[in-house]
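Reader: I am new to this structure and should like to understand the terms used for it. Please show it, and then let me ask how each description is justified.

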Amino acid sequence: MTAGSAVQVEGLSKSYGRLQAVRDLDLEVGYGEIFAILGPNGAGKSTTIEILEGHRKRDSGRVQVLGEDPADAGRSWRARIGIVLQETSDFGVLTVLETVRMFAKCYGEARARVPEELLELVGLTSSAGSRVRTLSGGQRRRLDVALGIIAQPELLFLDEPTTGFDPEARRQFWDLIRLLSSDGTTILLTTHYLEEAAALADRVAVVAGGRVAAVDSPARLTAHVNTAATVQWMDGDQLRVEHTDHPTEFIRQQSADGTELAQLTVTRPTLEDAYLQLIGMA
Ligand SMILES: Nc1ncnc2c1ncn2[C@@H]1O[C@H](COP(=O)(O)OP(=O)(O)OP(=O)(O)O)[C@@H](O)[C@H]1O
Ligand SMILES: [Mg+2]
């Protein structure tokens with residue numbers, strides 16, 4: 001293993017009874033990276049993240065998170081990581097601001113962000129006085145994110161952080177993640193939104209069946225799979241589709257006699273195409 005990575009995992013395995021959720025998984029996340037784990041339901045993403053957070057015991061393998069083994073790391077290590085679980089916990093009777101204040105007190109004022117500033121950061125200012133149980137799904141998730149970053153962690157785990165976010169909230173969340181990243185926070189997130197991984201992540205791991213199927217930057221993962229471009233246009237009322245490695249030359253030929261190619265589009269494979277191929281769906 002390379003010294004000096006935020007997360008180092010070698011040969012991690014975990015079974016629930018006879019079900020092997022994680023099989024001999026390797027993973028390395030550098031300090032300062034935004035790293036996304038993609039994979040179908042049941043692939044072992046949450047199990048892996050929970051082991052890295054010290055919330056779940058592993059069967060075997062080597063795990064180092066911020067230089068320590070999460071299975072026996074203490075309070076000082078715990079204070080350096082932030083966690084947003086896939087499942088949210090219940091603070092039903094408190095208001096949003098009361099909940100954040102309660103957490104801020106636990107961490108002590110020196111470490112914790114100022115509650116009002118934190119709510120501003122996650123876009124919850126107008127819900128500060130609302131009881132947590134009355135929040136919408138997306139607002140609730142923003143609170144989870146707020147609580148995850150309240151103590152300014154060095155490493156932030158986010159398990160499906162934007163589930164239930166509307167498109168605007170998702171983009172605000174991306175800005176927040178980029179801001180945290182530019183302050184030096186290492187970010188490890190899972191997501192089912194391929195465009196989220198493409199927009200945010202320095203590197204992506206595709207996990208399937210408890211194993212890592214591929215790790216690379218979104219652009220390189222996409223390029224590996226299929227580089228042909230798809231050219232589409234309307235020929236009268238007929239849709240024409242051509243797959244080619246040389247779209248510029250193809251279009252030049254098609255329009256050499258001055259023909260206008262109606263509704264012309266040129267598209268490249270997306271991360272989603274790469275993902276579907278990697279998990280064997282395409
Ligand atoms: N506490 C548990 N007890 C028994 N089986 C479990 C437990 N937690 C997870 N599993 C099983 O382990 C496998 C991996 O689950 P995990 O939650 O890690 O997947 P995931 O990749 O996070 O999926 P999702 O995208 O749906 O969140 C699944 O088959 C799941 O049913
Ligand atoms: Mg999960």
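Reader: What makes the residues lining the largest cavity nonpolar, polar or charged, and how many fall in each class?

Author: The lining of the largest cavity has five nonpolar, two polar and one charged residues. Its members are Leu25, Leu27, Ile37, Gly44, Lys45, Thr48, Val207 and Val212. Ala, Val, Leu, Ile, Met, Phe, Trp, Tyr, Cys and Pro count as nonpolar, Asp, Glu, Lys and Arg as charged, and the others, Gly among them, as polar. Strand E2 (19-30) and helix H1 (residues 45-52) each supply at least two residues of this lining; helices (H or I, at least four residues) and strands (E, at least two) are DSSP runs, numbered from the N terminus.

This is a predicted model, in which local features need pLDDT of at least 70 and side-chain atom pairs count only at pLDDT 80 or more, while totals for chains, interfaces and linings use all residues. Residues are numbered from 1 along each chain as its sequence is written, chains are lettered from A and ligands numbered from 1 in the order in which they are written, and side-chain values use heavy atoms, with hydrogens and water left out.

Reader: What distinguishes a cavity from a pocket, and how much space lies in the largest cavity?

Author: On a 1 Å grid over the protein atoms alone, a cavity is a set of points where a 1.4 Å probe fits but cannot get out, whereas a pocket is an open set with protein on both sides within 12 Å along at least five of seven lines; lining residues have an atom within 4 Å of a point. Grid points are joined across faces, edges and corners, and a volume is the space filled by probe spheres set on the points. The count comes to one cavity of 30 Å³ or more, and about 30 Å³ of space lies in the largest cavity. The largest pocket holds about 570 Å³.

Reader: Which residues lie nearest the centre of the largest pocket, and which element gives the most to its lining?

Author: Of the 24 lining residues, Ile81, Ile83, Phe103, Tyr107 and Leu147 lie nearest the centre. Helix H5 gives the most, with five residues. The lining divides into 12 nonpolar, five polar and seven charged residues.

Reader: What makes Ser46 and Gln86 donors of the magnesium ion (ligand 2)?

Author: Donors are N, O and S atoms within 2.8 Å of the metal (3.2 Å for Na, K and Ca); water is not among the atoms, so sites may look incomplete. Ser46 (OG) and Gln86 (OE1) lie 2.0 to 2.1 Å from the magnesium ion, so both qualify as its protein donors. The pair links distant parts of the chain, with Ser46 in helix H1 and Gln86 in the loop between E5 and H3, 40 residues apart.

Reader: Why is Ser46 called buried, and what is Gln86 called?

Author: Buried means under 20% relative accessible area, exposed over 50%, and partly exposed in between (1.4 Å probe, protein chains only). Ser46 has 17%, and is therefore buried. Gln86, at 35%, therefore counts as partly exposed.

Reader: Is Ala219 buried or exposed?

Author: Ala219 has a relative accessible area of 59%, and is therefore exposed. Ala219 lies in helix H8 (residues 218-225).

Reader: How do you know that strands E8 and E9 pair?

Author: Two strands pair if DSSP finds at least two bridges between them. Strand E8 (residues 203-208) and strand E9 (residues 211-216) have five bridges, in the antiparallel sense, so they pair. Asp216 in E9 is the bridge partner of Val204.
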